[in-house]
Amino acid sequence: MGRPLFDRALTTEFTDVCTADNIYIAVPFTGRVILFQSVLAGAITAADAVITTAIAPPGSNTFTAITGGGWTVANAGSAAGDYDEARPTANNLVREGSRIRVTTDGGGTGPQKLGVTVTIRESGA
């Protein structure tokens, strides 16, 4: 009989969502990414920041895009505390040792921090 399933959250942060960058998250267990959430630290202007995500399996540096794992941080009306989310639909399985890459295209002007939370439904073993 396997263990019960648990949702676990991993968090990270862009120091400036308005500068093109990647952040990487090491995954310490096996499961399925079910949710990405972000919270903006303050207003961005001029353009939206587009966020994309990808997974690399253990021992590989080849990242595959997560279907449904992207979202847009809108500049229009943006303010501290703005919340966005994405709910992946495919290519979202991870194993212990996988890495998740979260990318901002650097759209907008800031600088503004963006907190990112990844929720993974851990698989029973």
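Modeller: A residue is called buried under 20% relative accessible area, exposed over 50%, and partly exposed in between. The model we are discussing is a predicted one.

Colleague: Why is aspartate 7 called partly exposed?

Modeller: Aspartate 7 has a relative accessible area of 44%, and because partly exposed covers what lies between 20% and 50%, aspartate 7 belongs in that class.

Colleague: What makes the pairing of aspartate 7 with arginine 121 a salt bridge?

Modeller: The closest N and O atoms of aspartate 7 and arginine 121 are 2.6 Å apart, and since the cut-off asks for a side-chain nitrogen of Lys or Arg within 4 Å of a carboxyl oxygen of Asp or Glu, the pair qualifies as a salt bridge. Aspartate 7 lies in strand β1 (residues 6-14) and arginine 121 in strand β10 (residues 114-122), so this salt bridge ties together parts that are 114 residues apart in sequence. Arginine 121, with a relative accessible area of 31%, is likewise partly exposed.

Colleague: Which other side chains meet in a salt bridge, and what is the accessibility class of glutamate 122?

Modeller: The side chains of arginine 8 and glutamate 122 meet at 2.8 Å, N to O, and this pair, too, links distant parts of the chain, with arginine 8 in strand β1 and glutamate 122 in strand β10, 114 residues apart. Glutamate 122 has a relative accessible area of 5% and is therefore buried, whereas arginine 8, at 36% relative accessibility, counts as partly exposed. The structure holds 3 salt bridges, including one between arginine 87 and glutamate 85, whose closest N and O atoms are 3.1 Å apart; glutamate 85 is partly exposed at 34% relative accessibility.

Colleague: How do you know that serine 98 is buried or exposed, and what does serine 98 touch?

Modeller: Serine 98 has a relative accessible area of 2%, so it is buried, the cut-off being under 20%. Serine 98 lies in the loop between β8 (93-94) and β9 (99-104), and, leaving aside residues up to four places away in sequence, it touches Ile25, Ala26, Val27, Ile55, Ala56, Pro57 and Pro58.

Colleague: Why is threonine 67, which is also placed in a loop, called partly exposed?

Modeller: Threonine 67 is found in the loop between β5 (64-65) and β6 (71-73), and its relative accessibility of 33% puts it in the partly exposed class. Not counting residues up to four places away in sequence, threonine 67 touches Pro88, Thr89, Ala90 and Asn91, while the C-alpha atoms of threonine 67 and valine 50, 17 residues apart in sequence, are 15 Å apart in space.

Colleague: How do you know whether the radius of gyration agrees with that of a compact globule?

Modeller: With 125 residues, a compact globule would have a radius of gyration near 14 Å, and the protein has 15 Å, which agrees. The C-alpha atoms fill a box of roughly 50 × 30 × 20 Å, taken along the principal axes, and buried residues make up 41% of the 125 residues.

Colleague: What elements does the chain contain, and how much of its contacts comes from residues 24 or more positions apart?

Modeller: The secondary structure comes to 0 helices and 10 strands. Among contacts with a separation of 6 or more, 82% are accounted for by residues 24 or more positions apart. The accessible surface comes to about 6200 Å², of which 52% belongs to carbon and sulfur atoms, and the mean positions of the 9 positive and 11 negative charges are 12 Å apart.

Conventions: Residues numbered from 1 in each chain as written. Predicted model: local features only at pLDDT ≥ 70, side-chain atom pairs only at ≥ 80, totals over all residues. Heavy atoms only, no water. Helix = DSSP H or I, 4+ residues; strand = E, 2+ residues; numbered from the N terminus. Buried < 20%, exposed > 50% of the residue type's maximum accessible area, 1.4 Å probe, protein only. Contact = heavy atoms within 4.5 Å. Rg over C-alpha atoms; globule rule 2.2 N^0.38 Å. Areas by Shrake-Rupley, 256 points an atom, 1.4 Å probe, with all protein chains shown as cover. Lys, Arg positive; Asp, Glu negative; His and termini not counted. Charge placed at Lys NZ, Arg CZ, Asp CG, Glu CD.
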